[in-house]
Amino acid sequence: KTGTLTLGEPKVLEVISTNKAITTDQILNISASLDQLSVHALGRALVNYSKINSETQLTIPTNLKESLGNGVIGQLASGSYIFGKLDYLKAQGVIIPPAQELEHTNYQKHGKIAVYLAKNKELLGIVIFADILRPEIKQMFTEIQDHKIQKVFMLTGDKQEVAKKISKELGITDYKAEMLEQCREMDKWRQ
């Protein structure tokens, strides 16, 4: 499972402003303010990152609506915002430029998770996350290869792109992505 190989705690890699009228610090503050009440792992990682990397205090949103695993909609003093998956923003009527759609695909190919911030149906910025490999894992896989273990499989509920990235980093040639928890038992997956 990927969560066994990684720290299991996503990390913020980058905060990007897609609108010249707003800074990356503002993107970070608004996004973290919206996500501070979320139970989602990305929300916790974002709030922790904000506490370390921003001097601006978070504010409590009002009229907060969370669609677990998709995103949040909430009101701050500066307006109403949406923070979530690209498809969630599109479903809320946010206009996504074609170049940004292409960049989103690129993020996925590199095993990154992009979460988007919008106001008034206009994209403002992006927060990029990734799950990081445990420091000891590469050494462990070197030792496994040294012991002539013939086959190592990685079974994960993660997206195909994330599974591919992690398996490549570890030299795992056999993996299956987007599996449900109950289907990850080895006797249920044979090729």
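1. Let me start with a contact worth pulling up in the viewer: Lys-90 makes a salt bridge with Glu-101, and their closest N and O atoms sit 3.0 Å apart. The pair links distant parts of the chain, with Lys-90 in helix α4 and Glu-101 in helix α5, eleven residues apart. Keep in mind throughout that this is a predicted model. As for cover, Glu-101 has a relative accessibility of 28%, so it counts as partly exposed. Lys-90 falls in the partly exposed class too, at 35% relative accessible area.

2. Lys-90 has another partner. It also forms a salt bridge with Asp-87, where the closest N and O atoms are 3.9 Å apart. If you filter on distance, note that the cut-off here is 4 Å. Both residues belong to helix α4 (residues 86-91), and because they are three residues apart there, about one helical turn separates them. Asp-87 counts as exposed, with 56% relative accessibility.

3. On to a salt bridge elsewhere: Lys-151 and Asp-174 bring their closest N and O atoms to 2.8 Å. Lys-151 is in the loop between α6 and β7 (153-155), while Asp-174 is in strand β8 (residues 174-176), so this pair ties together parts of the chain that are 23 residues apart in sequence. Is Asp-174 buried or exposed? It is buried, because its relative accessible area is 14% and the class takes anything under 20%. Back at Lys-90, salt bridges with shared partners join Asp-87, Lys-90 and Glu-101 into one network. The structure holds five salt bridges, among them the ones just described.

4. Now the sheet. It is open, has six strands paired antiparallel, and runs in the order β1-β6-β5-β4-β3-β2. Why is one side of β1 and of β2 left without a neighbour? β1 (11-17) and β2 (62-67) stand at the edges and each has a single partner strand, so there is no further strand in the sheet on the other side. From one strand to the next, the twist averages 15°.

5. Some detail on the pairings. Strand β4 (residues 79-84) and strand β5 (residues 113-119) run antiparallel and are joined by four bridges. Ile-82 has Ala-118 in β5 as its bridge partner. Two helices pack on this sheet. Helix α2 (residues 24-35) touches β1, β2, β3 (71-76), β4, β5 and β6 (122-130), and its direction makes about 125° with that of β1. Helix α5 (residues 98-109) touches β1, β5 and β6, with its direction at about 150° to that of β5. Helix α5 is also where Glu-101 from point 1 sits.

6. At the β2 edge, β2 and β3 pair antiparallel over four bridges. One bridge pairs Ser-67 with Gly-71 in β3. The hairpin these strands make has three residues between them, and Gly-69 takes a positive phi near 85°. That backbone angle is an easy one to check in a Ramachandran plot.

7. Over at β1, look at Ser-17, which is placed in that strand. With a relative accessible area of 25%, Ser-17 is partly exposed. What does Ser-17 contact, leaving aside its neighbours within four places in sequence? The list is Ile-22, Thr-23, Thr-24, Ile-27, Leu-124 and Gly-125. Leu-28 lies eleven residues from Ser-17 in sequence, and the C-alpha to C-alpha distance is 9.4 Å.

8. Compare that with Glu-136, in the loop between β6 and α6 (137-146). Glu-136 and Gly-125 are also eleven residues apart in sequence, but their C-alpha atoms are 34 Å apart. Glu-136 counts as partly exposed, with 46% relative accessibility. Gly-125, at the other end of that distance, is one of the contacts of Ser-17.

9. Last point, on the surface. Which residues form a nonpolar patch there? Leu-7, Leu-13 and Ile-132 do, and together they have about 210 Å² of accessible area. Leu-13 lies in strand β1, one of the edge strands from point 4. Leu-13 is partly exposed, with a relative accessible area of 41%.

Notes:
Residues numbered from 1 in each chain as written. Predicted model: local features only at pLDDT ≥ 70, side-chain atom pairs only at ≥ 80, totals over all residues. Heavy atoms only, no water. Pairing = 2+ DSSP bridges. Axes fitted to C-alpha atoms, helices over the stretch in contact; angles between N-to-C directions. Contact = heavy atoms within 4.5 Å. Patch = residues over 30% accessible without salt bridge, like charges linked within 9 Å, V, L, I, M, F, W, Y side chains within 5 Å. Areas by Shrake-Rupley, 256 points an atom, 1.4 Å probe, with all protein chains shown as cover. Salt bridge = Lys/Arg side-chain N within 4 Å of Asp/Glu carboxyl O. Buried < 20%, exposed > 50% of the residue type's maximum accessible area, 1.4 Å probe, protein only.
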